[in-house]
Amino acid sequence: LLSLTPLTREADKNVWLSSLPPASFRDIHRLASALKSISRNNPILCRVQFCAAYLFLQSFCIPGSVFLSVLGGALFGFYQAFPMVIVLAATGASGAFTLSRIVFKDGLEYMFPERFEKMRRKVEEHRKHLINYILFVRITPFMPNWFVNLAAPTVGVPLAPFFLGTMIGIIPNTLVAVNFGLALHEITDLSTASPANLFSPSLTLVLLLFGLLVLLPTLSPVQRWIDRVL
């Protein structure tokens, strides 16, 4: 992101180079500080480059999108970064979905036959509630996100429920990452940082409520109620 933008100070360049790849919260803090002035001076260009970097990482299943989510909170604030990251993450995952359907096809299934067969059975069991299934998969840690993105088209998940389920299912994680970036950037001395500085009781309560709300459609009574209404 910073390499595509002219640096105003040599110190910013040194911070950028010494903090790549970001291996700690201190690195994220330093990167956010270096990028903050660029974000103020070139707001549109910075956001375009942020979106391009996020979509690239997500579409090609390259680790690092979590760090970008944290950086987004530090650079753009909650009300801009939160919806931006949700849309970018769902769009990038859909890019990986499409890439897998066009390029990999059955090649990936050959490498992980047992995982694919297990996911295919689950998809058939939840054929009438695919959005709910994708929600559950995104929230729970049973399947890595990269595998879900690449396997979904092969096991028969259409793009529309995949996109919607992904966009809703990543809300809790995005809340955590964006708020973490926002709080991390406001701390001037990382040596004094503590969980209480980064996660307030109100934020913890909101995260719990969102997690429960997102999981509700996966429950059988709620599914039956949805079927009657629809």
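**Notebook: cysteines, cores, rings and charges**

I began with C61, which is partly exposed at a relative accessible area of 26%. The model I am reading is a predicted one.

*Cysteines.* I then looked up C46, which is buried, with a relative accessible area of 1%. How far is the sulfur of C46 from the closest cysteine sulfur? The closest one belongs to C51 and lies 9.6 Å away, which is too far for a bond. A disulfide requires two cysteine sulfur atoms within 2.5 Å. By this rule I record zero disulfides.

*Nonpolar cores.* I next turned to the largest nonpolar core and noted 24 residues in it. The residues with the most contacts inside this core are F50, Y54, L68 and F76. Which elements give two or more residues to this core? I listed helix 2 (25–41), helix 3 (43–59), helix 4 (65–76), helix 5 and helix 11 (171–186). Of these, helix 5 gives the most, with seven residues. I followed Y54 in particular: leaving aside residues up to four places away in sequence, Y54 touches S65, L68, S69, V85, L88 and A89. Another core, of 20 residues, lies apart from the largest one, and I noted L130, V137, M143 and A151 among its members.

*Serine 94.* I looked up S94 and placed it in helix 5, which covers residues 78–104. Is S94 buried or exposed? S94 counts as buried, because its relative accessibility is 9% and the limit for burial is under 20%. Beyond residues up to four places away in sequence, I found S94 touching L159, F162 and F163.

*Aromatic rings.* My search of the whole structure gave ten aromatic pairs. One of them joins F56 and F60, with ring centres 5.1 Å apart and planes at 45 degrees, so I entered this pair as tilted. F56 is partly exposed at a relative accessible area of 46%, and F60 is likewise partly exposed at 48%. I entered F78 and F82 as a stacked pair, with 5.2 Å from centre to centre and 10 degrees between the planes. Both F78 and F82 lie in helix 5, four residues apart, or about one turn of the helix. I noted their exposure separately: F78 is partly exposed, with a relative accessible area of 21%, whereas F82 is buried at 16%.

I also recorded one aromatic cluster formed by F112, F116, W146 and F147. Which charged residue sits over the ring of F147? I found the charged end of R115 there, 5.5 Å from the ring centre.

*Salt bridges.* How many salt bridges does a search of the whole structure find? I obtained two. In one, the side chains of E117 and R120 meet at 3.6 Å, N to O. E117 and R120 are three residues apart in helix 7 (residues 113–125), so about one helical turn separates them. E117 counts as partly exposed at 36% relative accessibility, and R120 counts as partly exposed at 21%.

In the other, the side chains of R127 and E124 meet at 2.7 Å, N to O. I noted R127 as partly exposed, with a relative accessible area of 34%. E124 counts as partly exposed at 47% relative accessibility.

Definitions and conventions: Residues are numbered from 1 along each chain as its sequence is written. This is a predicted model: local features need pLDDT of at least 70, side-chain atom pairs count only at pLDDT 80 or more; totals for chains, interfaces and linings use all residues. Side-chain values use heavy atoms; hydrogens and water are left out. Buried means under 20% relative accessible area, exposed over 50%, partly exposed in between (1.4 Å probe, protein chains only). Contact means heavy atoms within 4.5 Å. A salt bridge is a side-chain nitrogen of Lys or Arg within 4 Å of a carboxyl oxygen of Asp or Glu. A nonpolar core is a set of buried Ala, Val, Leu, Ile, Met, Phe, Trp, Tyr and Cys residues joined through side-chain atoms within 4.5 Å. Rings of Phe, Tyr and Trp (its six-membered ring) pair if their centres lie within 6.5 Å; planes under 30 degrees apart count as stacked, over 60 as edge-to-face and the rest as tilted. A charge sits over a ring if NZ of Lys or CZ of Arg is within 6 Å of the ring centre and within 35 degrees of the ring normal.
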